[in-house]
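Morning, everyone. I have one model to show you today, and I'll keep it short. Please have a look at it before I start.

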Amino acid sequence: MTTTHPSYARIWHTVLQIPLGKVASYGQIADLAGLPGRARLVGKALGYAPPELAVPWHRVLRSDCSLAFPAGSAMALRQRELLQSEGVLLNNNRVRKNDLWQPDLMELLFKLKY
DNA sequence: GTGATGACGGTTT
DNA sequence: TAAACCGCCATCA
């Protein structure tokens, strides 16, 4: 395809790594995808994400755990519905910090705990 | 080539 | 706690 942006595939692949029932921030996805500081690119990539990949775009939100869409928006309502179907409870337009995906920190916390 | 925009982030009021 | 401000980078007029 003419609009083949290499970084986008990277971003999609990273978003696909988010476990079910967990959420990640745009900045975190950008960082894991090897694109620090390009959080906006993640949003762009999600907009270009083909449905064949089934990218869980709804598991990606802002760094403050709020949805990237204005409350009441059609997309925001859809995202809220998808998250709740996965067990992620939302308070207005925000999710619980407990539902954040923390790959490295989770293992670190496990080691510190024991 | 310049300026404006955006599914963002972090800091400051 | 919420809102405003600035910075960042790719895309578009």
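First, a term: a residue counts as buried when its relative accessible area is under 20%, and as exposed when that value is over 50%. Bear in mind that this is a predicted model.

Now apply the term to one helix. In α3, the buried residues are Val42, Ala45 and Leu46. They span an arc of only 100 degrees around the axis, so they sit on the same side of α3. What does the face turned away from that buried side carry? It carries the exposed residues Arg40 and Gly47. Keep Arg40 in mind.

Let me step back to the whole chain. Chain A has 114 residues, and 32% of them count as buried. It holds 5 helices and 4 strands. Reading from the N terminus, the order is α-β-α-α-β-α-β-β-α. Take the contacts between residues at least 6 apart in sequence: 60% of these join residues at least 24 apart. The accessible surface of chain A is about 7,700 Å², and carbon and sulfur atoms make up 56% of that.

Next, the DNA. Which residues are closest to DNA strand B? They are Tyr26, Gly27, Arg40, Arg62 and Ser63, out of 13 residues that surround the strand. There is Arg40 again, from the exposed face of α3. Of the strand B atoms that come within 4 Å of the protein, 44% are sugar and phosphate.

Where do these surrounding residues come from? Both α2, residues 26–32, and α3, residues 39–48, supply at least two of them. The biggest share is from α3, with 5 residues. By class, the surface near strand B has 6 nonpolar, 5 polar and 2 charged residues.

Here are three specific distances. Start with the base: an N or O atom in the side chain of tyrosine 26 is 3.1 Å from a base nitrogen of DNA strand B. Then two phosphate cases. Arginine 62 has a polar side-chain atom 3.0 Å from a phosphate oxygen of strand B. Serine 63 uses its backbone instead, with a polar atom 2.7 Å from a phosphate oxygen of the strand.

Let's move along the chain to serine 66. It is in the loop between β2, residues 60–61, and α4, residues 74–85. Is serine 66 buried or exposed? Its relative accessible area is 10%, so serine 66 is buried. Its side chain makes a polar contact with the side chain of aspartate 64, at 2.6 Å. Leaving out residues up to four places away in sequence, serine 66 touches Leu61, Asn93 and Arg94.

Compare another loop residue. Asparagine 98 lies between β4, residues 94–95, and α5, residues 103–113. With 61% relative accessibility, asparagine 98 counts as exposed. Its C-alpha atom is 8.7 Å from that of lysine 22, which is 76 residues away along the chain.

Last stop: helix α1, residues 6–16, which includes threonine 14. Why does threonine 14 count as buried? Because its relative accessible area is 9%, and the cut-off is under 20%. Its side chain reaches the backbone oxygen of arginine 10 at 2.8 Å. Setting aside neighbours within four places in sequence, threonine 14 is in contact with Ile29, Leu32 and Ala33.

That's my tour. Over to you.

Terms used:
Residues numbered from 1 in each chain as written. Chains lettered and ligands numbered in written order. Predicted model: local features only at pLDDT ≥ 70, side-chain atom pairs only at ≥ 80, totals over all residues. Heavy atoms only, no water. Buried < 20%, exposed > 50% of the residue type's maximum accessible area, 1.4 Å probe, protein only. Contact = heavy atoms within 4.5 Å. Areas by Shrake-Rupley, 256 points an atom, 1.4 Å probe, with all protein chains shown as cover. Near = heavy atom within 4 Å. Polar contact = N/O pair within 3.5 Å; in protein donor to acceptor, adjacent residues only side chain to side chain. Nonpolar A, V, L, I, M, F, W, Y, C, P; charged D, E, K, R; others polar. Arc of directions from axis to C-beta.
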